[in-house]
Amino acid sequence: MNVLIEENAAHPRLPALLTAYHLATEAEKGAAVTGPAGLPDGHRAETEAPAAAFAADTVLLATAPGTDRPDGCLVLKAGAVPEVKRLWVEPAARGRGLAGALMGEALRRAAAAGARSVRLTVWEWREAPLALYRGLGFEPAAPWDDRPGLVCLEKRLEPGDRIGLLTPGEVRAHAPGGLAELLVDAVNGGASVGFRAPLERAEAAAWWAGAAGTRDVWAAFGPDGTVTGAVTLLRTDTANGRHRGEVARLLVHRSARGRGLGRRLLAAAEAHAAASGLTLLVLDTQTDSPAERLYRGAGWTPAGTIPAYAADPEGVLRATTLYYKLLG
């Protein structure tokens, strides 16, 4: 299992993590305080109401495999040049990859938003974070904060995958090529998305052609223009169900995994659904599959599990878990 990363500025665990970060920082500066009441006003406000303090920013939390609560946090401050702040991992949870996972997700999100670089500051005595940042490619930058002992670093970002909502014509145009290849790669790689393996390219292309105009389709394109991922949204046409939609066929090519594309595609579908008036989304996925961690981390709620619901690509009946998410 991988480290679970979730975005949630209102998580009940966050105030304790921020408090621990600020108390440790004050102690390292030689100005130790005994509790959050002794912190500077701005820092104390963060610990008391982080959702308000970071309303314009991205707050990430990390949960180690085998645990049930976040033990790490990071804030990606919004701006023309996003800035990493408040990276903290509880001492007992260090050495389990939480800091690296948080930084990786922050960099992926910054690149996805079109940022050309990311910056941060770190106290010169924090050797482990300094080593992490340098290993990630951060380099010394012209200082924007002149406090003694503070090191300013910046990392240039490569262009990320572009995600866009396709027109029906664009779906049909990409159906025999990139979209078909994406679906074949998923099914023949073991993903349970409604097909048996081996899936022929012609069958995959026909399915995408049939999806044109019947469901919303988002595709991710790599810097070279290849299709690297996709997700679809199916709307309910019954009179009593027009408030809801179904997310289906969330796919990321095996060559493009580890870049946060699944989360970005899901977020794109959710945002569009909310903007178009939907208030409820549902989906189903194979129980205990890697996709479950993605959905739980994105705030989806499990509604129940059905045993032997669908056959996987090899024909073995597997359980399926149903999820829902309320929008707005």
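L61 lies in strand 2, which covers residues 58-63. The model is predicted. The relative accessibility of L61 is 0%, so the residue counts as buried; the cut-off for that class is under 20%. Leaving aside residues up to four places away in sequence, L61 touches L4, I5, E6, N8, H11, L14, L17, P70, G72, C73 and L102. H243 is a remote point by comparison of positions: 182 residues separate L61 from H243 in sequence, and their C-alpha atoms are 31 Å apart in space.

Strand 2 belongs to an open sheet of seven strands. The strand order is 1-2-3-4-5-7-6, and the pairing is mixed. Strand 1 (4-7) and strand 6 (139-140) stand at the edges. Each has a single partner strand, so one side of each lacks a neighbour in the sheet. Helix 5, residues 127-135, packs on the sheet. This helix touches strand 4, strand 5 (117-123) and strand 7 (150-156). The direction of helix 5 makes about 160° with that of strand 5.

Within the sheet, strand 3 (residues 72-77) and strand 4 (residues 83-89) run antiparallel. Five bridges join the two strands. V75 has K85 of strand 4 as its bridge partner.

A helix pair was also examined. Helix 1 spans residues 14-28 and helix 2 spans residues 41-48. The two pack at an angle of about 155°, and their axes are 8 Å apart. Helix 1 is therefore roughly antiparallel to helix 2, as angles over 145 degrees fall in that class. On the helix 1 side, the contact is made by P15, L18, T19, H22 and E26. Helix 2 contributes H43, E46 and T47.

Overall, the secondary structure of the protein comes to nine helices and 14 strands. The C-alpha trace spans about 65 × 40 × 35 Å along its principal axes. The radius of gyration is 22 Å. A compact globule of 328 residues would have a value near 20 Å, so the two agree. Of the 328 residues, 45% count as buried. Among contacts with a separation of 6 or more, 61% are between residues 24 or more positions apart. The accessible surface comes to about 15,800 Å². Carbon and sulfur atoms account for 52% of that surface.

Note on methods:
Residues numbered from 1 in each chain as written. Predicted model: local features only at pLDDT ≥ 70, side-chain atom pairs only at ≥ 80, totals over all residues. Heavy atoms only, no water. Pairing = 2+ DSSP bridges. Helix = DSSP H or I, 4+ residues; strand = E, 2+ residues; numbered from the N terminus. Contact = heavy atoms within 4.5 Å. Axes fitted to C-alpha atoms, helices over the stretch in contact; angles between N-to-C directions. Buried < 20%, exposed > 50% of the residue type's maximum accessible area, 1.4 Å probe, protein only. Rg over C-alpha atoms; globule rule 2.2 N^0.38 Å. Areas by Shrake-Rupley, 256 points an atom, 1.4 Å probe, with all protein chains shown as cover. Parallel < 35°, antiparallel > 145°, perpendicular 65-115°, else oblique.
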